[in-house]
Amino acid sequence: MTVTLSLANLPRIDGVAVPGYARSELSAGILHFGVGNFHRAHQAMYLDRLFNQGLSRDWAIVGAGVLEGERRGRDVLAAQDWLTTLVEQEADRSEAHIIGSMIDFVEPANAAATIARMAAPDIRIVSMTITEGGYFLDAEDRFDPSHAAIAADAANPEAPRTVFGMILAALRQRRQAGVPPFTVMCCDNIPHNGRVTRNALVGLARLSDPEFADWIAETVAFPNGMVDRITPGTTDRERAILAQEFGIADGWPVFCEDFTQWVLEDDFPLGRPALEEVGVQFVEDVAPYELMKLRILNGGHAVIAYPAGLLDIHYVHEAMAHPLIRGFLRKIEEDEIIPTVPPVPDTDLGGYFDLIERRFSNPKIGDTVRRLCLDGSNRQPKFIVPVLRDALVAGGRFDGLALESALWCRYCAGMSDSGAEIAPNDPNWDALVTLSNTARTTPRAWLDQDGVYGELARNEAFAAAFGHWLGMLWERGTAETLIHYIGQDAARAAG
């Protein structure tokens, strides 16, 4: 028998931890854009832990969304009183608990309502998980003012459609009312994410009101942060496991690994929750932790994603069980990625990678290869191209990184090695398929994507290596190409 998740049904749920606080004990302090699985497994989870300790209960979350498509998720959460079942999984155990740190969710795509909620004095932090592609960046991670959505908001600042346009409108209202500005906290996997968010907001403001842009630059706080927790999407598989193993019917549960990390700069002029009490690290400089994670973990995801996709592997743990993919990951990490990562306080980089390798291999997570392959046109410039650029500048190894780029190109042809169709998996999918097929005979056509490679495309050594690997992938296939890179002996050892 299953119990449908709701506030009224919490007393009927057995064997699963439920909030140790009443909803009436909470009040809003944070408005968050992008109420997806990662947010609920990470920020919402930390706040739930804090509230259960009787602390910071005036920092509950109000959800927000820019896109009409986010209405479906909001409706599911509304039906269960904004509650979420979080299932933390390791290979030998699973543990579920109900989190209740979100207390409301503004109607998605309702700019006026969203702006009004942010303008209210109780909102002291506006946070976001809007994916790597949501920040309007070029290949050099600079704000791109020419983007159509940015141009539209600059022309109509009173009727914004982007996250940044809405935040600007709310800050303008607060300024006019004499209410101090909220802190803007990015929770996306982007290098220097606070600075990137600041550049986007100030850059958009400068297009229509330079004086307002200067005020934002001088008065609004944008702390940098590093976030980490492997959190796959929810499917019927997860809903069925939750019902069968825990007796809960939840329309949108979240399954994740047990490991979690959050490193933040302590820059919150209007105050913040006491997150240090539940394991969040507050540091003067996030950059070393951030670079380590973005390169070793996120870069590692990119390394295993495309060969696994081309070999028709569905789950990430299955990819890690494939000796060639595991061998490819270890060789490229040890030889090419880790050497570009500067020292991190109290951290052994080799040990950190060993932990990553174990995390990727967790069979209970159910993370999919397709999720890792998603949105390469936005993820490659964040996780792979900077490593390539640094390796080339330092005279380091880059052959495996060139192969990773070639694997992404080959994947975007839309067909695996077996001939199976690869469904569209990028906002620019149609253009990428065309480019990939052109690159089969003219490899430089792929590298001419300025938004991805920038000046790197003009590096002859990289272009030659990329062309070599792409030709081999088409001629010999993924498995033989990986063997060629890692070596026959290493391939046998990995197996």
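This is a short talk on the cysteines and the second largest pocket of a predicted model.

Hi everyone, thanks for coming. Let me start with the cysteines. How many disulfides does a search of the whole structure find? The count is 0. As a quick reminder, a disulfide is a covalent bond between the sulfur atoms of two cysteines.

Take C373, which is in no disulfide. For C373, the nearest cysteine sulfur belongs to C412, and that sulfur is 8.6 Å away. Is C373 buried or exposed? C373 is buried, with a relative accessible area of 2%.

Now turn to C412 itself. Which cysteine has the sulfur closest to that of C412? That would be C409, at 7.1 Å, which is too far for a bond; the cut-off for a disulfide is within 2.5 Å. C412 also counts as buried, at 1% relative accessibility.

On to the pocket, which I suspect some of you have been waiting for. The second largest pocket has a volume of about 310 Å³. Its lining is made up of 18 residues, and those closest to the centre are L137, S377, N378, N428 and G451. Two elements each give two or more residues to this lining: α15, spanning 376-383, and α20, spanning 450-453. Which element provides the largest share of the lining? That is α15, with 4 residues.

And what about the chemistry of the lining? Its residues divide into 7 nonpolar, 7 polar and 4 charged.

So, to recap: the search finds 0 disulfides, C373 is buried, and α15 gives the largest share of the lining of the second largest pocket. Thanks, and I'm happy to chat afterwards!

Key:
Residues are numbered from 1 along each chain as its sequence is written. This is a predicted model: local features need pLDDT of at least 70, side-chain atom pairs count only at pLDDT 80 or more; totals for chains, interfaces and linings use all residues. Side-chain values use heavy atoms; hydrogens and water are left out. Buried means under 20% relative accessible area, exposed over 50%, partly exposed in between (1.4 Å probe, protein chains only). On a 1 Å grid over the protein atoms alone, a cavity is a set of points where a 1.4 Å probe fits but cannot get out, and a pocket is an open set with protein on both sides within 12 Å along at least five of seven lines; lining residues have an atom within 4 Å of a point. Grid points are joined across faces, edges and corners, and a volume is the space filled by probe spheres set on the points. Ala, Val, Leu, Ile, Met, Phe, Trp, Tyr, Cys and Pro count as nonpolar, Asp, Glu, Lys and Arg as charged, and the others, Gly among them, as polar.
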